Structure formats: structure tokens, C-alpha cells
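Work through the following exercises with the sequence and the three-dimensional structure at hand. Each task is followed by a solution in steps.

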Amino acid sequence: MLILLVICSLGINVGLSKDPVSYRLHYFNGRGKGELIRYIFKWNNQKFDDVRFDTETNPWPIFKPKTPFGQAPVLEIDGELYAQSLSIARFLATRFRLNGKTDLEALTTDSIVDCIYLDMFVPLRKLKTETLDENEKEEIKEKLVIFFDKLELQVKGEGHFLASGVTWADIAFYNFYVDMFLKMYETKEPFLANYPALQSVVKTIGENPYIKQWVEERPETVF
């Protein structure tokens, strides 16, 4: 018991990568809303089945009626299906202790994640999916810069948002910047050049050996 208490006091995750629970992520053959979930699994070195829909052996129209809301991704845990990408990611972050050390830190990480995917990704996607005039494009870009400025100030640790350590907010920013922003935002200059703290967040996540291996080996997809 004393040894266990010492280990916990040092912040060591005991047995998290050997979770006996069976995880199966059901999603399309792309990164999209499923990649944050995959990153969280990989960061924790947690085994999971990466089940991707295809037109022959695993068609989405056949699986869709089984899902809670007719949407993907869906996480299957011991045979039960759970929906909504951010809810799944938040659940895994809590289970794998990636949401801070206190409830207030958990609130902070949640607010950063919401900012990334609601306040930043939603307008970013418009740059690629909607027909906009130059003024509308500039308005979106200005809005994104404002949120990048604000997120830069939220980095309190050395290479992560919280001073207490890496959380799913850091993984979420990496996902947003690497898999979404760099593909949708047209710029000739390195965008994070003026954001050293956010650069450090990207570096922290990108240099993790499990994340690095996943990025190198994951399937090449359109989205």
C-alpha cells in the first residue's frame, strides 16, 4: 500500500496502458473527427481496434442504424456503442488522467478544447467548404488570429497548456494545427513563428514516441 501511495504521489499512471477494457473505434477512412480520439489512445499507448468503414466489408449504411445518433465516430466499449467525438475524447481523457489534476484544471482543459474546435475550427472550415469573397476570408483570418493570440497566453507550462502537465487540450491543439489548420489555411510563412508557446505545445505532442510512430505509419487519407 505504501509503495502504491508513493507511485501515485509521483504522478505515475499505474496500469493505464494495460486497461483490460476492449475498445473499438468506428469511423470513416480518414482523420476528421476520429483523429483526436486516436491520438489520445496512442499517447497512452492504449490498444484499440481502429475500425474503418469501407464499401465492401464494412459499409457505413449498414452500420449507421446501430449507432446512437446515426453519426460517426462511435466508440465501442465492451460491446456498447457511445457517440459524439468530443464526449468520447473527454471520457478517455478522464479515464487516462489527461484532464488535469483538479476539477478546475479539468474545466480549463475543456474550455481550451471548446475554443479550438468551436471557435477556431468551425470558421476555418468555411475557408475550404464555402464560397467566400475576399472580405469574408479576411474576416475569418482575423478572427483566427485573435484566438491564436488568446491561446498563446493560455500556455502556462513548458510545452503544455497547464503547468501541471500534458492534457488532452495539448493533444487537441496538435490535432487542430497539424491535421486541419495547415491543410486549410493558405500562408507562405510559418504561421506559429510568432507563437513560441504554441510551437512548444506542438513539439511536445509531436515528439512523443507513440504519436510520432502513429503519424509515420497511419494510413494516407484524403481528409
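**Exercise 1: Two backbone features**

Asn 45 is placed in the loop between H2 and strand S2 (49–52); helices (H or I, at least four residues) and strands (E, at least two) are DSSP runs, numbered from the N terminus. The model is predicted, so that local features need pLDDT of at least 70 and side-chain atom pairs pLDDT 80 or more, while totals for chains, interfaces and linings use all residues. Residues are numbered from 1 along each chain as its sequence is written, and side-chain values use heavy atoms, without hydrogens and water.

Task: State what phi Asn 45 has, and describe the peptide bond from Ala 72 to Pro 73.

Solution.
Step 1. Most residues other than glycine have a negative phi, and most peptide bonds are trans.
Step 2. Asn 45 is not a glycine, yet its phi is positive, about 55°.
Step 3. The bond from Ala 72 to Pro 73 is cis, with omega near 15°.
Step 4. Pro 73 belongs to the loop between helix H3 (60–63) and strand S3 (74–77).

**Exercise 2: Packed helices**

Task: Determine how H6 and H8 are oriented to each other, and do likewise for H2 and H9.

Solution.
Step 1. Helix H6 (residues 134–154) and helix H8 (residues 196–206) have axes 8 Å apart, at an angle of about 75°. Axes are lines fitted to C-alpha atoms, for helices over the stretch in contact, and angles run from 0 to 180 degrees between N-to-C directions.
Step 2. H6 and H8 are therefore roughly perpendicular (65 to 115 degrees; under 35 is roughly parallel, over 145 roughly antiparallel, the rest oblique).
Step 3. Phe 148, Leu 151 and Glu 152 of H6 make the contact with Pro 196, Ala 197 and Leu 198 of H8 (heavy atoms within 4.5 Å).
Step 4. The axes of H2 and helix H9 (residues 209–217) come within 8 Å and cross at roughly 135°, and the two helices are therefore oblique.
Step 5. In this pair, Glu 35, Arg 38, Tyr 39, Lys 42 and Trp 43 of H2 meet Tyr 210, Ile 211, Trp 214 and Val 215 of H9.
Step 6. By class, the contact of H2 with H9 has six nonpolar, no polar and three charged residues. Here Ala, Val, Leu, Ile, Met, Phe, Trp, Tyr, Cys and Pro count as nonpolar, Asp, Glu, Lys and Arg as charged, and the others, Gly among them, as polar.
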